[in-house]
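Dear colleague,

Please find below the structure that I am handing over to you. My notes on its sheet and its pockets follow.

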Amino acid sequence: MGNSALKAHLETAQKTGVFQLTGKGLTEFPEDLQKLTSNLRTIDLSNNKIELLPPLIGKFSFLKSLVLNNNKLTALPEELCKLKKLETLHLNCNHLRQLPAAFGQLSALKTLSLSGNQLRTVPTQLCGLRHLDVVDLSKNQIQNVPDTVGELQALELNLNQNQISQISVQISHCPRLKVLRLEENCLELSMLPQSILSDSQISLLAVEGNLFEIKKLRELDGYDKYMERFTATKKKFA
């Protein structure tokens, strides 16, 4: 892509607060964006070939949305965690194995999408985020859900298409969790904590495609309680 095209994009972004440059084969984060650190509210660089996010990302202090789906990122810089206004972070289809240690400092974060990466566990850093609504960790390599998950504040947790065979009973203590998606994992029915049914806030539990028949789930103690929540929620949205 020529400099003049980039310049035009920069001029537009200066006026609109939105910089969108997708599917252009970019191999690196455009350094010229530094000129707009106080203008930009949204950066979308999806469908490129970016391997590294530079430390200067931490300077975009007004950024609310960062979208980097379908790139080649293998790690995220600690500087990303300085974005105190960031509400939406989409990093689907990269090569991420973990999140920066300070990720819990992204205090405004509401939506986090990390589908199609190489995470092996539910990152403990997520538990510090108080405003999370949706966390998408589908299509990773997660094998177990640790005890720390009980502190997760999200409303929806998507763990579809992982390799999960163990879930901590603490998941039923999540204070706001309403939707739990566990489709296409490696769960035996005995490994699904019954407290999810009998003693949690969860009103939609999606578990198709595991190592048990759904009708067996209906025979468990607590299923009636779960159905009460499920039905009440459905009525609310009807």
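**The second largest pocket, the largest pocket and the sheet**

Asn3, Leu6, Lys7, Leu10, Glu11, Gln14, Asp32, Lys35 and Leu36 line the second largest pocket. Please note that this is a predicted model. The volume of this second largest pocket is about 180 Å³, and its lining comprises three nonpolar, two polar and four charged residues.

The largest pocket holds about 230 Å³ of space. Its lining consists of Lys178, Val179, Gln201, Ser203, Leu204, Arg229, Phe230, Thr233, Lys234, Lys236 and Phe237. Which helix gives the most to this lining? Helix H4, spanning residues 223-237, does so with six residues. By class, the lining of the largest pocket contains four nonpolar, three polar and four charged residues.

Turning to the sheet, nine strands make up an open arrangement with parallel pairing, in the order E1-E2-E3-E4-E5-E6-E8-E10-E11. Strand E1 (18-20) and strand E11 (204-206) are at the edges with a single partner strand each, so one side of each has no neighbour in the sheet. From one strand to the next, the twist averages 5°.

Within this sheet, strand E6 (residues 134-136) pairs with strand E8 (residues 156-158) in the parallel sense, over three bridges. Val135 has Leu157 of E8 as its bridge partner. In general, the strands of a sheet pair through backbone hydrogen bonds, either parallel or antiparallel.

With kind regards

How values were computed
Residues are numbered from 1 along each chain as its sequence is written. This is a predicted model: local features need pLDDT of at least 70, side-chain atom pairs count only at pLDDT 80 or more; totals for chains, interfaces and linings use all residues. Side-chain values use heavy atoms; hydrogens and water are left out. On a 1 Å grid over the protein atoms alone, a cavity is a set of points where a 1.4 Å probe fits but cannot get out, and a pocket is an open set with protein on both sides within 12 Å along at least five of seven lines; lining residues have an atom within 4 Å of a point. Grid points are joined across faces, edges and corners, and a volume is the space filled by probe spheres set on the points. Helices (H or I, at least four residues) and strands (E, at least two) are DSSP runs, numbered from the N terminus. Ala, Val, Leu, Ile, Met, Phe, Trp, Tyr, Cys and Pro count as nonpolar, Asp, Glu, Lys and Arg as charged, and the others, Gly among them, as polar. Two strands pair if DSSP finds at least two bridges between them. Axes are lines fitted to C-alpha atoms, for helices over the stretch in contact, and angles run from 0 to 180 degrees between N-to-C directions.
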